Amino acid sequence: MNIQIFGKSKCFDTKKAERYFKERRVKFQSIDLVKYGISRGELASVLRCVPLAELIDPRHPDAPLLQYLAHDEDKVEKLLENPRLLKTPIVRNGKQANLGYCPEVWKTWA
């Protein structure tokens, strides 16, 4: 398994996801979205598994502005510019990805 956890340092669900993999002694790479962001390729890989609308954090103050962008490419550009708009954690295992704390999905990856 090649687990990557994209999250925010103050996100409770991100910490829970990290704890889940630590308790099972599964190595993972933790990426702080606020500090490092997400690359275009990584985001494209996640978008193959998770719909764009679900990736947007509705609690972020700028989230309503994204609905006014007509094209998905424009929304993706905004997410790359401001990764704080992403809902976390985003957990990737190779070509698989999911959003949020989902241990039932992660069990199937083992």
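**Notebook: helix packing, salt bridges and cysteines**

I began with two helices: H3 (residues 40–47) packs with H6 at an angle of about 125 degrees, their axes 11 Å apart. That angle makes H3 oblique to H6. A note to myself before going on: this is a predicted model, and I read every entry below with that in mind.

**Entry 1, the H3 and H6 pair.** I checked the handedness next, and H3 passes H6 in a right-handed crossing. Which residues meet where H3 and H6 come together? From H3 I listed Arg40, Leu43 and Leu47. On the H6 side I wrote down Val76, Glu77, Leu79 and Leu80.

**Entry 2, a salt bridge inside H6.** I stayed with H6, which spans residues 72–81. Here Glu81 forms a salt bridge with Lys78, and their closest N and O atoms are 3.6 Å apart. Both residues belong to the helix and sit three residues apart, about one turn. I looked up how open each one is: Glu81 is exposed at 58% relative accessibility, while Lys78 is partly exposed at 38%.

My next lookup was a network: salt bridges with shared partners join Lys8, Asp57 and Arg59.

**Entry 3, one link in that network.** I took the pair Asp57 and Arg59, whose salt bridge has its closest N and O atoms 3.5 Å apart. Are these partners buried or exposed? Asp57 is buried, with a relative accessible area of 8%. Arg59, on the other hand, is exposed at 73%. I like this one, as the bridge joins a buried residue to an exposed one.

**Entry 4, a salt bridge inside H1.** I then moved to helix H1 (residues 12–23), where Lys16 and Asp13 are three residues apart, so about one helical turn separates them. They form a salt bridge too, with 3.8 Å between the closest N and O atoms. The cut-off is 4 Å, so this pair counts. Lys16 is partly exposed, with a relative accessible area of 22%. Asp13 also falls in the partly exposed class, at 29%. I reminded myself of the general point that side chains of opposite charge can pair when their charged atoms come close.

How many salt bridges are there by this rule? I noted a count of six.

**Entry 5, the cysteines.** How many disulfides does the structure hold? The answer is zero. Cys49 is in no disulfide, and the nearest cysteine sulfur, in Cys102, is 13 Å away. I also checked Cys102 itself: its sulfur is 12 Å from the closest cysteine sulfur, that of Cys11, which is too far for a bond. A disulfide needs the two sulfur atoms within 2.5 Å, so a separation of 12 Å rules one out for Cys102. As for surroundings, Cys49 is partly exposed with a relative accessible area of 36%, whereas Cys102 is buried at 15%.

**Entry 6, Tyr36.** My last stop was helix H2 (residues 33–36), where Tyr36 lies. Tyr36 is exposed, with a relative accessible area of 61%. How far apart are Tyr36 and Phe6 in space, C-alpha to C-alpha? I noted 9.6 Å, for two residues that are 30 residues apart in sequence.

How values were computed: Residues are numbered from 1 along each chain as its sequence is written. This is a predicted model: local features need pLDDT of at least 70, side-chain atom pairs count only at pLDDT 80 or more; totals for chains, interfaces and linings use all residues. Side-chain values use heavy atoms; hydrogens and water are left out. A salt bridge is a side-chain nitrogen of Lys or Arg within 4 Å of a carboxyl oxygen of Asp or Glu. Buried means under 20% relative accessible area, exposed over 50%, partly exposed in between (1.4 Å probe, protein chains only). Axes are lines fitted to C-alpha atoms, for helices over the stretch in contact, and angles run from 0 to 180 degrees between N-to-C directions. Angles under 35 degrees count as roughly parallel, over 145 as roughly antiparallel, 65 to 115 as roughly perpendicular and the rest as oblique. A crossing is left-handed if the near helix is turned anticlockwise from the far one by less than a right angle, and right-handed if clockwise. Contact means heavy atoms within 4.5 Å.
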